[in-house]
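This report looks at a helix pair and at two buried side chains. The sequence and the structure come first.

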Amino acid sequence: VTVAATVAAQPPSRARATDAMVEAASALLATVAGGPGGTEAILGFDKGKNLALALDDEAREDWAYWPTERVGVPLDLMNAEQRRLTQQLLTSLLSARGYLKVVQIMQLEQILGMLDTAGLPRGVGHYEVVLFGKPSSTEPWSWRFEGHHVSLNVAVAPAGVSVTPSFFGSNPGEVRSGPLTGFRVLGAQEDLARELVLSLSAAQQTKAIVSAEAPRDIFTGNIGKPADQWDAWRASLRPQGIAVTELNEVQQHWVRRILDEVVGVYRPELSTDFLRSIEPTTLSFAWMGATERGAPHYFRLQGEDFVFEYDNVQDNGNHVHSVWRNKSEDFGMQLLGEHYRTSHRRAE
């Protein structure tokens with residue numbers, strides 16, 4: 001299953017989405033240009049140099065979903081216009097549902113910032129945007145918006161758009177005190193998967209529940225791993241659990257609902273193609289850990305290329321990490337490769 005919409009010519013709806021990205025990214029880039037050959041700097045920080053990197057810069061695949069230093073320009077160092085354009089760039093990519101999730105995850109940093117005693121870079125101002133290559137409707141380029149518990153990695157080419165790795169996390173997974181008690185940013189994915197696993201017969205659960213213990217984190221993450229191990233999951237992580245073809249019609253409905261929740265964070269012009277390219281009956285569903293709400297657990301939907309992981313184990317089952325990966329299309333691998341191959345043939 002190939003999730004990226006890589007077709008010869010973009011339909012008008014998707015072209016509108018990519019044009020909106022190019023417009024927002026180009027306008028953001030123009031704010032740091034400072035005139036021909038110039039850049040904008042603040043407190044010794046060169047915004048132009050940090051915002052615009054080469055498409056082949058090794059940092060493009062160095063994504064992180066934990067509090068750490070990153071390439072790019074943080075919201076803290078942007079002026080009002082740059083922040084506005086960053087929000088415009090996000091809304092060119094995300095659906096209303098997805099944009100709201102990103103904002104809500106960022107707002108949780110305010111709570112963590114008050115509780116943190118380790119001196120980690122916390123707060124809304126520590127989310128950063130970076131461009132790889134020059135925004136264009138005719139040439140490939142890429143961009144990332146990233147901070148604690150959000151990593152959106154977007155590759156754009158004339159043939160389409162790739163959006164994986166696509167990471168959303170939440171700490172706490174559920175607010176358990178104060179005026180927002182009960183609030184859950186990523187609760188829908190968990191609830192749908194629990195509906196599915198609890199609907200399984202005893203024989204089905206024997207296949208689907210592959211471990212009584214849930215892993216501490218997602219398998220496809222790169223935290224604490226050397227760079228040469230970042231892609232090891234492509235070979236080592238195999239589909240587990242129960243094949244979706246072994247589920248009844250109602251149970252397959254829950255699978256489709258989970259997929260819609262995962263992919264639907266992106267604009268309909270993009271997510272419609274993504275969903276069309278994922279065939280649910282080629283996937284397998286695996287669950288690890290407890291099935292009761294509030295206890296540590298993990299689930300995964302996986303096919304040949306498509307992988308979605310949801311892990312809620314840390315902090316006694318109240319700290320969510322979720323990620324959509326694609327073996328052949330992460331960081332626009334296939335999309336950009338196809339562009340370079342066809343462009344090279346035309347040049348010859």
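Contact here means that heavy atoms lie within 4.5 Å. By that rule, and not counting residues up to four places away in sequence, Ser-136 touches Val-22 and Trp-141. The model is a predicted one.

Ser-136 sits in the loop between strand S5 (128–132) and strand S6 (141–147). Its relative accessibility is 15%, so Ser-136 counts as buried, the cut-off being under 20%. Asn-326, in contrast, belongs to a strand, S15 (residues 320–326). Asn-326 is also buried, with a relative accessible area of 0%.

For each of these two residues, a polar atom of the side chain lies close to a backbone nitrogen, as tabulated here.

| Side chain with the polar atom | Backbone nitrogen | Distance |
|---|---|---|
| Ser-136 | Thr-138 | 3.0 Å |
| Asn-326 | Ser-328 | 3.2 Å |

The helix pair is H5 (residues 187–199) and H8 (residues 249–263), whose axes come within 9 Å and cross at roughly 165°. Because angles over 145 degrees count as roughly antiparallel, H5 is roughly antiparallel to H8. The crossing of H5 and H8 is left-handed.

On the H5 side, the residues that meet H8 are Ala-188, Gln-189, Leu-192, Ala-193, Glu-195, Leu-196 and Ser-199. Their partners in H8 are Gln-251, Trp-254, Val-255, Arg-257, Ile-258, Glu-261 and Val-262. Sorted by type, the residues of this contact comprise eight nonpolar, three polar and three charged.

Definitions and conventions
Residues numbered from 1 in each chain as written. Predicted model: local features only at pLDDT ≥ 70, side-chain atom pairs only at ≥ 80, totals over all residues. Heavy atoms only, no water. Axes fitted to C-alpha atoms, helices over the stretch in contact; angles between N-to-C directions. Helix = DSSP H or I, 4+ residues; strand = E, 2+ residues; numbered from the N terminus. Parallel < 35°, antiparallel > 145°, perpendicular 65-115°, else oblique. Left-handed = near helix turned anticlockwise from the far one by under 90°. Nonpolar A, V, L, I, M, F, W, Y, C, P; charged D, E, K, R; others polar. Buried < 20%, exposed > 50% of the residue type's maximum accessible area, 1.4 Å probe, protein only. Polar contact = N/O pair within 3.5 Å; in protein donor to acceptor, adjacent residues only side chain to side chain.
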